[in-house]
Amino acid sequence: MTKKFIVPILIAAILFLTLPIFYLANYSQTISLDEKETVYELPYPGILPDHPHYFFKVVRDRIWAFSTRDNLKKVDVYILFSDKRAKMAQALSNKGKIDLAISTMSKSEKYFLKIPSLLKDSKEQGVAPSQELLDEAKASNNKHKEIIQELLKKAPEGEQNRITEIMKINETSQKLLEDL
């Protein structure tokens with residue numbers, strides 16, 4: 001008779017002890033995402049704008065963007081282009097080429113600014129973007145903001161107005177993404 005009660009008691013004890021552990025594990029993961037730095041890996045940028053063959057990369061990117069007709073696929077392409085240019089700006093900044101880094105970051109944000117309108121058009125056509133794509137776009141935007149803030153710290157005083165304009169483009173993109 002006692003064996004009949006031992007098994008349910010053991011199962012209840014195991015559940016009672018393991019559920020808080022799973023809850024705490026999920027809670028700690030949630031907290032780690034709220035830290036200051038965005039957890040988003042930027043892609044390898046390839047050749048930088050200071051390379052003599054960079055022109056070919058720009059031409060390839062323009063052909064790629066032009067030939068992509070599906071709005072959601074074009075969003076993926078623009079996120080990639082924007083992220084690569086943000087990473088390029090970061091690399092150029094680390095090399096001490098602040099002027100070229102600012103110019104590259106500006107191009108990055110101009111690519112990104114096209115994304116919300118593509119998402120909106122896609123939604124109006126009846127093809128809603130996945131939550132994963134929206135989350136990726138928001139994470140990318142946040143990572144860009146961090147890079148712009150890094151540039152702001154490294155830039156000489158005369159260049160800070162240009163970086164402030166880039167930050168405004170980033171904030172505009174962020175607001176448009178939130179409105180979707």
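Which helices are included in what covers the buried residues of α5? Let's work towards that helix from the whole chain, keeping in mind that this is a predicted model.

Start with the overall layout. The chain has six helices and zero strands, so reading along the sequence gives the pattern α-α-α-α-α-α. Of its 180 residues, 37% count as buried. Among contacts with a separation of 6 or more, 76% join residues that sit 24 or more positions apart. On the outside, the accessible surface comes to about 11,800 Å², and carbon and sulfur atoms account for 61% of that area.

Now come inside. The largest nonpolar core holds 37 residues, and the members that touch the most other members are Val 75, Tyr 78, Ile 79, Met 105, Ile 115 and Leu 119. At least two residues of this core come from each of α2, α3, α4, α5 and α6. The biggest contribution is from α3, which gives ten residues. As background, nonpolar side chains tend to be buried together in soluble globular proteins.

Leu 119 is a good place to pause and look around. Leaving aside residues up to four places away in sequence, Leu 119 touches Leu 72, Val 75, Pro 129, Leu 133, Leu 134, Leu 177 and Leu 180. Two of those partners, Leu 133 and Leu 134, are buried residues of α5, which brings us to the helix we began with.

Helix α5 runs over residues 131-154. Its 24 residues, at 1.5 Å a residue, should span 34 Å, and the end C-alpha atoms are 35 Å apart, which agrees. The buried residues of α5 include nonpolar ones such as Ala 137, Ile 147, Ile 148 and Leu 151, but also Ser 140, Asn 141, Lys 143, His 144 and Glu 146. And here is the reply to the opening question: the cover over the buried residues of α5 includes α3 (71-94), α4 (98-124) and α6 (160-179).

One more stop is worth making, this time in α2, the helix of residues 54-67, where you will find Asp 61. Is Asp 61 buried or exposed? Its relative accessible area is 1%, and buried means under 20%, so Asp 61 is buried. The side chain of Asp 61 makes a polar contact with the side chain of Arg 60, at 2.8 Å. Beyond residues up to four places away in sequence, Asp 61 also touches Phe 81, Arg 85 and Tyr 111.

Definitions and conventions. Residues are numbered from 1 along each chain as its sequence is written. This is a predicted model: local features need pLDDT of at least 70, side-chain atom pairs count only at pLDDT 80 or more; totals for chains, interfaces and linings use all residues. Side-chain values use heavy atoms; hydrogens and water are left out. Helices (H or I, at least four residues) and strands (E, at least two) are DSSP runs, numbered from the N terminus. The expected span of a helix is 1.5 Å times one less than its number of residues. Buried means under 20% relative accessible area, exposed over 50%, partly exposed in between (1.4 Å probe, protein chains only). Contact means heavy atoms within 4.5 Å. A polar contact is a pair of N or O atoms within 3.5 Å; within protein, one must be able to donate a hydrogen and the other to accept it, and residues adjacent in sequence count only if both atoms are side-chain atoms. Accessible areas come from the Shrake-Rupley method with a 1.4 Å probe; for residues, only the protein chains shown count as cover. A nonpolar core is a set of buried Ala, Val, Leu, Ile, Met, Phe, Trp, Tyr and Cys residues joined through side-chain atoms within 4.5 Å.
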